[in-house]
Amino acid sequence: MKILIAYYSRRGHTEKLAEIIAKELKSRGHTVIIDRIRAVREPSKWVLLAKQIYTYPLIALALYNSSFRRWWLQHYPQVEADIQPLAYPDVSEFDLVCIGGPKWAEISYPVARYLKQVKGMQNKKVGAFATFGGPPLEVFELELINKPVSDRVQRLGGTVVATLGLSSAYHELYILPLMRIASRIVFRRPLESFTIDSEYGKEKIKGFCDRLAQ
Ligand SMILES: Cc1cc2nc3c(=O)[nH]c(=O)nc-3n(C[C@H](O)[C@H](O)[C@H](O)COP(=O)(O)O)c2cc1C
């Protein structure tokens with residue numbers, strides 16, 4: 001297959017994951033092309049935070065109440081950021097498209113803009129991948145990014161056939177200690193056991209590539 005990997009990464013963790021996925025897919029005989037999504041501006045973390053912090057009480061409610069969560073994931077105010085011109089603004093020549101980025105409460109702002117701008121997604125199979133600071137909590141980390149990405153891909157006429165979410169064990173907003181505690185309480189394992197380089201990470205990357213190829 002001819003595969004495009006389009007990703008945004010602010011601090012390099014999702015970039016590392018994109019490169020590992022590319023290597024794995026190449027080793028399986030596919031042709032892989034990478035298109036890095038670059039923001040026009042990289043504002044300070046405080047500016048990024050200011051654009052979403054007022055939604056945090058509602059995200060907390062969404063974690064607690066599944067009916068509200070369904071509504072929230074359809075209607076929350078997704079922030080977008082301007083992106084630089086893409087090498088592949090039209091993806092129709094590819095058999096498969098992988099789209100990746102960090103989790104910023106939901107979709108990172110440059111990836112949200114990518115999903116609005118990209119052309120040629122009709123009938124496309126899509127793999128969605130992400131990194132986040134915390135452990136792979138089913139709802140807070142995985143559902144809050146996978147559902148909005150899948151919905152947007154579906155609106156473009158494509159289908160998400162595989163998802164992948166791994167921890168970077170990095171958070172520039174200083175809340176990593178909380179995430180380490182969450183990992184111990186929920187999984188009884190340290191946060192490091194869910195990173196890209198962990199056994200868990202390697203297994204998940206392999207499974208993601210297996211599902212893409214099916
Ligand atoms: C504005 C903002 C929001 C974030 N939201 C989350 C979050 O909801 N959950 C989480 O675990 N990490 C969150 N993070 C941390 C990033 O997802 C994490 O550090 C990611 O691996 C960074 O990827 P990168 O190095 O490719 O930019 C957030 C970071 C920023 C700047």
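What follows is a short set of questions and answers about a predicted model.

Residues are numbered from 1 along each chain as its sequence is written. Since this is a predicted model, local features need pLDDT of at least 70 and side-chain atom pairs count only at pLDDT 80 or more, while totals for chains, interfaces and linings use all residues.

Me: Which strand gives the most to the largest nonpolar core?
Reply: A nonpolar core here is a set of buried Ala, Val, Leu, Ile, Met, Phe, Trp, Tyr and Cys residues joined through C-beta atoms within 7 Å. The largest has 51 residues, and Ile5 and Val97 touch the most other members. With six residues, the top contributor is strand 1 (residues 2–8); strands are DSSP runs of E, at least two residues, and helices runs of H or I, at least four, numbered from the N terminus.

Me: Which residue in strand 5 is the bridge partner of Val97?
Reply: Two strands pair if DSSP finds at least two bridges between them, and strand 3 and strand 5 share seven, in the parallel sense. Along that pairing, Leu96 goes with Lys125. Val97 touches Leu4, Ala6, Val91, Lys124 and Val126, leaving out residues up to four places away in sequence (contact means C-beta atoms, placed from the backbone, within 7 Å). Its bridge partner in strand 5 is Val126.

Me: How many of the residues of strand 5 are buried?
Reply: Buried means 20 or more other C-beta atoms within 10 Å of a residue's own, exposed means 12 or fewer, and partly exposed is in between, with C-beta atoms placed from the backbone. One side of strand 5 has Lys125, Gly127, Phe129 and Thr131, the other Val126, Ala128, Ala130 and Phe132, and both faces are covered. The count for strand 5 is eight of eight.

Me: What is the hand of the crossover from strand 5 to strand 6?
Reply: Strand 5 and strand 6 (residues 159–167) pair in the parallel sense over eight bridges, with Val126 opposite Val160. The chain gets from one to the other through helix 6 (residues 138–155). A crossover is called right-handed if, with the strands pointing away from the viewer, the path from the first strand over the helix to the second runs clockwise. This β-α-β crossover is right-handed.

Me: Is Ala105 buried or exposed?
Reply: Most residues other than glycine have a negative phi. Ala105 has a phi near 65°, and sits in the turn of a hairpin formed by strand 3 and strand 4. Because Ala105 has 20 C-beta neighbours inside 10 Å, it counts as buried.

Me: And Asn123, buried or exposed?
Reply: Asn123 also has a positive phi, about 60°, and is found in the loop between helix 5 (109–117) and strand 5. Its C-beta neighbours inside 10 Å number 9, so Asn123 is exposed.

Me: Where is Ser168, one of the residues that come nearest the ligand?
Reply: The ligand has 24 residues around it, with Ser9, Arg11, Thr14, Pro102 and Ser168 nearest (near means a C-beta atom, placed from the backbone, within 6 Å). Ser168 is buried, with 24 other C-beta atoms within 10 Å. Its contacts are His13, Thr131, Phe132, Gly133 and Thr195, not counting residues up to four places away in sequence. Ser168 lies in the loop between strand 6 and helix 7 (176–187).

Definitions and conventions. Two residues are in contact if their C-beta atoms, placed from the backbone, lie within 7 Å.
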